[in-house]
Number of protein chains: 2
Amino acid sequence: MVVIGHRLFHEPHKVFSLGTFTEALGVAKSTISEDIAALRQICERFQLGRLETLAGAAGGVRYMPSCTPMQVRSLAADLAARLRDPARILPGGFLYTTDLLSLPALVSRLGDVFATFFAEQRPDVVLAMEVKGIPLALMTARAFNVPLVTIRRGGRVTEGPSVSVNYVSGSSRMVQQMTLPLRAVPQGARALFIDDFLRGGGTARGVYDLMRECRAEICGIGVLIEATQPREKLVDRYVSMLTFDGVDEHEGTVRIAPSRWALGETAGE
Amino acid sequence: MVVIGHRLFHEPHKVFSLGTFTEALGVAKSTISEDIAALRQICERFQLGRLETLAGAAGGVRYMPSCTPMQVRSLAADLAARLRDPARILPGGFLYTTDLLSLPALVSRLGDVFATFFAEQRPDVVLAMEVKGIPLALMTARAFNVPLVTIRRGGRVTEGPSVSVNYVSGSSRMVQQMTLPLRAVPQGARALFIDDFLRGGGTARGVYDLMRECRAEICGIGVLIEATQPREKLVDRYVSMLTFDGVDEHEGTVRIAPSRWALGETAGE
């Protein structure tokens with residue numbers, strides 16, 4: 001049972017046929033079935049994620065990381081508390097988040113949260129915008145077991161034919177370029193865009209345009225932190241974990257709180 | 001046993017006291033001890049990694065991902081075979097590897113390999129050079145459960161006081177700059193540098209200089225692919241998975257093979 005769990009937990013969303021395990025373990029199919037049924041109950045009872053059995057020729061079992069609303073709420077509350085530390089205030093009213101986005105166990109847990117939010121969307125790829133969004137996007141890609149695709153700023157792609165679009169970054173108010181190797185996203189793919197921060201949505205808007213050029217489709221946008229200002233975003237469908245209402249550099253206060261999605265006030269997206 | 005395994009596998013290298021599990025599961029300490037002993041045997045028998053029990057007040061149990069020499073060899077052989085595909089040849093004799101470095105299950109496995117190579121080094125942080133090396137470094141950081149620190153090219157750091165050094169990149173032969181937020185690496189830290197490619201070692205040399213400025217120490221360098229040319233590298237201690245001897249653009253052949261570390265011909269580093 002431990003061996004089956006180890007395999008399933010390590011490659012989420014992959015369908016393993018029961019035969020995989022009868023061979024590896026040298027036991028009968030009926031034993032494996034019983035073990036899987038027991039595993040499913042354990043996952044449910046201890047809220048470790050979901051185990052799904054699929055019938056038929058292509059059938060088998062797969063594990064899907066997933067978080068309960070309570071787990072999401074408590075993770076968001078914990079993150080907000082850590083981000084309220086005045087030492088995180090950077091010149092210009094920015095917030096130092098890089099250290100948290102660099103803790104593998106935390107980022108991996110956040111990947112599970114996004115995988116829960118977007119479970120129904122079944123993305124084929126997860127998109128990251130270089131550089132700071134990459135860990136979060138990679139761990140979300142890991143939770144879905146799909147490739148990560150990293151979009152580069154500027155035109156610095158040396159990996160064969162590429163596609164570029166212009167976009168206006170919210171923080172700099174300047175027209176910039178984002179680029180992708182053409183072969184990175186297959187036509188018709190469903191792409192989930194995960195980023196660390198959303199201000200005006202200019203970057204996300206650019207990612208929409210980029211996917212249109214690739215003949216692919218954005219099936220969701222997830223960000224760790226959204227800014228409350230500006231109120232009008234250039235994209236209207238996204239999910240965030242935290243809401244950032246600015247800092248007071250004089251008083252040394254950071255106004256950040258769990259978002260309505262994290263609080264479970266909406267069913268997501 | 002499944003719940004214990006799930007927790008341990010998810011947060012490798014973290015020491016869990018037995019009390020953590022008696023509380024979560026509501027069973028006696030002796031039962032937990034028995035389960036852990038059984039788990040250790042299973043991990044050994046099915047080569048899932050190592051389980052270590054620590055005695056004393058700070059004691060408990062921790063899981064360390066680790067690969068057998070056979071697993072490393074077969075992963076390296078499989079990767080080399082996939083990289084020999086002539087479609088991967090890029091103008092200038094470069095090799096397209098981005099897609100493989102974007103597969104979470106594969107990169108996570110490679111992270112386990114580096115965690116095996118450097119198990120004795122006990123790093124405090126894992127260093128990545130933006131952009132392509134990040135997934136590999138993050139998954140290595142995950143296997144060690146230590147923070148990832150991303151070094152930026154150029155001086156574009158907006159995260160408070162930073163430290164920069166110059167270096168000569170092997171591919172461009174130009175003097176460049178690499179930068180790190182000063183608070184990212186604590187003084188005295190043991191840093192493991194993980195990257196996707198090593199040609200002349202100019203980047204790795206720069207990372208050495210950067211760590212000296214941070215009063216930290218490089219405890220190891222691991223790369224996925226090293227180029228055979230130039231023979232003289234600017235760093236002498238590193239570990240690679242694959243050796244790249246160039247491409248023949250006319251014949252469409254890629255000369256790449258498992259390295260001596262992957263073949264187990266040396267005890268590493």
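Which residues have the most contacts inside the largest nonpolar core? I started there. I kept in mind that this is a predicted model.

**Entry 1: the cores**

I looked up the largest nonpolar core and found 133 residues in it. Val126(A), Leu127(A), Val126(B), Leu127(B) and Ala191(B) have the most contacts inside it. I then followed Val126(A) outward, leaving aside its neighbours within four places in sequence. Val126(A) is in contact with Ala137(A), Thr140(A), Ala141(A) and Phe144(A). Its list also holds Val146(A), Leu148(A), Leu192(A) and Ile194(A). I noted a second, separate core of 24 residues. That core includes Ile32(A), Leu39(A), Leu48(A) and Val61(A). As background, nonpolar side chains in soluble globular proteins tend to be buried together.

**Entry 2: the sheet in chain A**

Next I traced the strand order. Chain A has an open sheet of eight strands, ordered 7-8-6-5-9-10-11-12, with mixed pairing. Strand 7 (162–168) and strand 12 (253–258) of chain A each have a single partner strand, so one side of each lacks a neighbour in the sheet. I also checked the twist: neighbouring strands of this sheet are turned by 25° against each other on average, direction ignored.

I picked one pair for a closer look. Strand 9 (residues 190–198) and strand 10 (residues 217–227) of chain A run parallel and are joined by eight bridges. Within strand 10 of chain A, Ile218(A) is the bridge partner of Ala191(A).

I then asked what helix 4 (residues 69–83) of chain A lies across. The answer is strand 11 (239–248) and strand 12 of chain A. The helix runs at about 175° to strand 12 of chain A.

**Entry 3: the two copies**

I laid chain A on chain B. A turn of 180° and a shift of 0.0 Å along the axis do it, with an RMSD of 0.0 Å. The two copies are therefore related as by a two-fold rotation axis. Which residue of chain A comes closest to the rotation axis? I found Val2(A), at 2.8 Å by its C-alpha. The same surface serves both copies, as 100% of the contact residues of chain A recur in chain B.

**Entry 4: the interface**

I looked up the contacts between the chains. Chain A puts 38 residues in contact with 38 residues of chain B. Helix 1 (2–10), helix 3 (29–45), helix 5 (104–117), helix 6 (134–144) and strand 6 (148–153) of chain A each supply at least two residues of this side. I sorted the residues of the side of chain A that touches chain B: 23 are nonpolar, nine polar and six charged.

Key
Residues are numbered from 1 along each chain as its sequence is written. Chains are lettered from A and ligands numbered from 1 in the order in which they are written. This is a predicted model: local features need pLDDT of at least 70, side-chain atom pairs count only at pLDDT 80 or more; totals for chains, interfaces and linings use all residues. A nonpolar core is a set of buried Ala, Val, Leu, Ile, Met, Phe, Trp, Tyr and Cys residues joined through C-beta atoms within 7 Å. A residue is buried if 20 or more other C-beta atoms lie within 10 Å of its own, exposed if 12 or fewer, and partly exposed in between; C-beta atoms are placed from the backbone. Two residues are in contact if their C-beta atoms, placed from the backbone, lie within 7 Å. Two strands pair if DSSP finds at least two bridges between them. Helices (H or I, at least four residues) and strands (E, at least two) are DSSP runs, numbered from the N terminus. Axes are lines fitted to C-alpha atoms, for helices over the stretch in contact, and angles run from 0 to 180 degrees between N-to-C directions. Copies are superposed by least squares on the C-alpha atoms of residues with pLDDT of at least 70 in both. Ala, Val, Leu, Ile, Met, Phe, Trp, Tyr, Cys and Pro count as nonpolar, Asp, Glu, Lys and Arg as charged, and the others, Gly among them, as polar.
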